[in-house]
Amino acid sequence: MPVIKGSEIGFATLPEHVHRKSAKKGFDFTIMVVGETGLGKSTLINCLFLADLYKQRKPVNVDKLVDRTVGIEKKQVDIIEKGIKLRVTIVDTPGYGDSLDLNDSFDAVENYIDQQFDQYFKDESGLNRKNIVDNRIHCCLYFISPLGRGLSQLDIQFMKRLHKKINIVPIIAKSDALTPNEMHALKKKILREFDEHSINIFRIPECDSDEDEQFRRKDQEIKESIPFAIVGSTITIDYNGKRIRGREYPWGVVDIQDEKYSDFIKLRTFLSLHMQDLKDVTSDVLYENYRGQHLAQLQIQQESDPNMTTERLLQLKQEEIRRMQQQLEAMQEQIRCQSSQPVSSAAQSCDDLSPKEED
Ligand SMILES: Nc1nc2c(ncn2[C@@H]2O[C@H](COP(=O)(O)OP(=O)(O)OP(=O)(O)O)[C@@H](O)[C@H]2O)c(=O)[nH]1
Ligand SMILES: [Mg+2]
């Protein structure tokens with residue numbers, strides 16, 4: 001798993017914005033990227049974390065796309081800054097929107113989100129409450145095509161179905177395809193469509209009263225740039241005596257960090273400043289909503305079956321024991337693997353042994 005210094009990738013201020021309690025325990029954050037094939041999801045993730053997390057991925061033949069199901073892929077990076085370790089998990093959804101039946105795309109993503117809530121619910125009611133690994137999705141970067149005239153039917157249906165379960169952060173992909181006027185008009189149109197379809201995207205909370213003027217201004221700028229219009233690139237170019245990450249065209253060079261046409265820096269600042277808020281909303285609003293519904297369902301089942309309580313309790317305990325056994329086996333395997341290899345290669349190959357949660 002790549003380990004990156006936060007200041008080197010623009011996350012230097014992150015430790016100032018996470019709760020002291022989370023910082024002490026280590027900070028887990030999970031981002032899901034969703035959007036049609038080819039909109040630049042993997043490229044943006046590589047730009048944000050300056051790590052090529054997808055180099056083993058093979059391109060899919062076009063004729064295979066129509067009957068493709070959504071695969072869920074998890075990658076992790078560790079970011080270390082000022083003594084705080086942030087573990088970012090990226091959940092990618094290749095194949096989203098490729099199938100002829102859109103419900104396939106929605107079902108796969110929704111099932112994954114529900115499974116994480118469900119696991120958290122079980123862990124909360126288990127013996128190991130203090131050491132719960134929080135795999136819930138804290139932020140969904142949703143990629144919108146720059147070439148449509150606003151949201152597509154796929155975008156609208158997905159968001160309406162899932163906005164109560166995830167924090168949606170909308171992204172206009174490949175914004176180098178748009179002139180500034182077109183970009184401005186598209187942002188306005190998309191915001192209007194969110195209202196028309198009553199879609200809740202993540203709202204940045206009001207600044208705390210003790211924040212200074214500079215912070216307020218920065219935060220306001222970020223609020224006004226949503227949906228973030230992004231240019232991504234995996235290559236670096238020498239340009240005007242500087243080494244930049246950009247895209248080279250016959251008519252010129254696009255620097256992904258140039259705020260004139262790319263909100264990349266604003267997106268990165270948004271993640272730094274609001275990671276804790278995204279986690280809080282996930283925990284206090286989205287998960288609570290799920291939990292309430294889940295408990296109500298259990299109660300209905302209980303009423304129709306008086307033996308349910310004991311059975312359910314037994315089932316919960318068995319699930320807990322099975323999960324602990326799996327963890328123990330994975331830890332033993334990791335220890336065995338680390339003690340039999342040199343340090344650097346052990347870290348690499350032991351990563352592959354971690355239990356794959358998505359299956
Ligand atoms: N013009 C332009 N091209 C981009 C941009 N970002 C990525 N690309 C290119 O678009 C192509 C697809 O990028 P990916 O990052 O693989 O797209 P993806 O959304 O991960 O695609 P899947 O994994 O197949 O769903 C690549 O050739 C990228 O170089 C961008 O901002 N502008
Ligand atoms: Mg990809």
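**Exercise 1: the chain as a whole**

Of the contacts in the protein chain with a separation of 6 or more, what percentage is accounted for by residues 24 or more positions apart? Work that out, then sketch the rest of the chain.

*Solution.* Keep in mind that you're looking at a predicted model.

- Step 1: Take the contacts with a separation of 6 or more; 72% of them join residues that sit 24 or more positions apart.
- Step 2: Now list the elements. The protein chain has 10 helices and 10 strands.
- Step 3: Check burial. The chain runs to 359 residues, and 45% of them are buried, where buried means under 20% relative accessible area.
- Step 4: Turn to the outside. About 19900 Å² of the protein chain is exposed, with 50% of that coming from carbon and sulfur atoms.

**Exercise 2: how far to trust it**

Find out which element of the protein chain has the lowest mean pLDDT and which has the highest.

*Solution.*

- Step 1: Start with the average. The protein chain comes out at a pLDDT of 81, and 74% of the residues score at least 70.
- Step 2: Go element by element. Strand β6 (residues 168–172) takes the top spot with a mean of 98, while helix α10 (residues 343–351) is at the bottom with 41.
- Step 3: Look at the stretch that includes the low end. Residues 343–359 have pLDDT below 50, yet the model gives this stretch 19 contacts beyond near neighbours in sequence.
- Step 4: Add one more stretch. Residues 62–67 also stay under 50, with 6 contacts beyond four places in sequence.

**Exercise 3: around ligand 1**

Describe the shell around ligand 1: how many residues surround the ligand, and which are the closest?

*Solution.*

- Step 1: Count the shell. Ligand 1 has 15 residues around it, and K41, S42, T43, D176 and G232 are the closest.
- Step 2: Sort them by type. You get 4 nonpolar, 6 polar and 5 charged residues.
- Step 3: Ask which elements they come from. Both α2 (41–49) and β9 (242–249) supply at least two residues of the shell, and α2 gives the most, with 3.
- Step 4: Pick out side chains that meet oxygen atoms of ligand 1. A polar side-chain atom of T43 is 2.5 Å from one. For S42, an N or O atom of the side chain lies 2.9 Å from a ligand oxygen. For K174, the corresponding distance is 3.1 Å.
- Step 5: Finish with coverage. On its own, ligand 1 has 650 Å² of accessible area, and the protein covers 72% of it.

Technical notes: Residues are numbered from 1 along each chain as its sequence is written. Chains are lettered from A and ligands numbered from 1 in the order in which they are written. This is a predicted model: local features need pLDDT of at least 70, side-chain atom pairs count only at pLDDT 80 or more; totals for chains, interfaces and linings use all residues. Side-chain values use heavy atoms; hydrogens and water are left out. A residue is near a molecule or strand if one of its heavy atoms lies within 4 Å of it. A polar contact is a pair of N or O atoms within 3.5 Å; within protein, one must be able to donate a hydrogen and the other to accept it, and residues adjacent in sequence count only if both atoms are side-chain atoms. Accessible areas come from the Shrake-Rupley method with a 1.4 Å probe; for residues, only the protein chains shown count as cover. Helices (H or I, at least four residues) and strands (E, at least two) are DSSP runs, numbered from the N terminus. Ala, Val, Leu, Ile, Met, Phe, Trp, Tyr, Cys and Pro count as nonpolar, Asp, Glu, Lys and Arg as charged, and the others, Gly among them, as polar. pLDDT is the predictor's confidence in each residue, from 0 to 100. Contact means heavy atoms within 4.5 Å. Buried means under 20% relative accessible area, exposed over 50%, partly exposed in between (1.4 Å probe, protein chains only).
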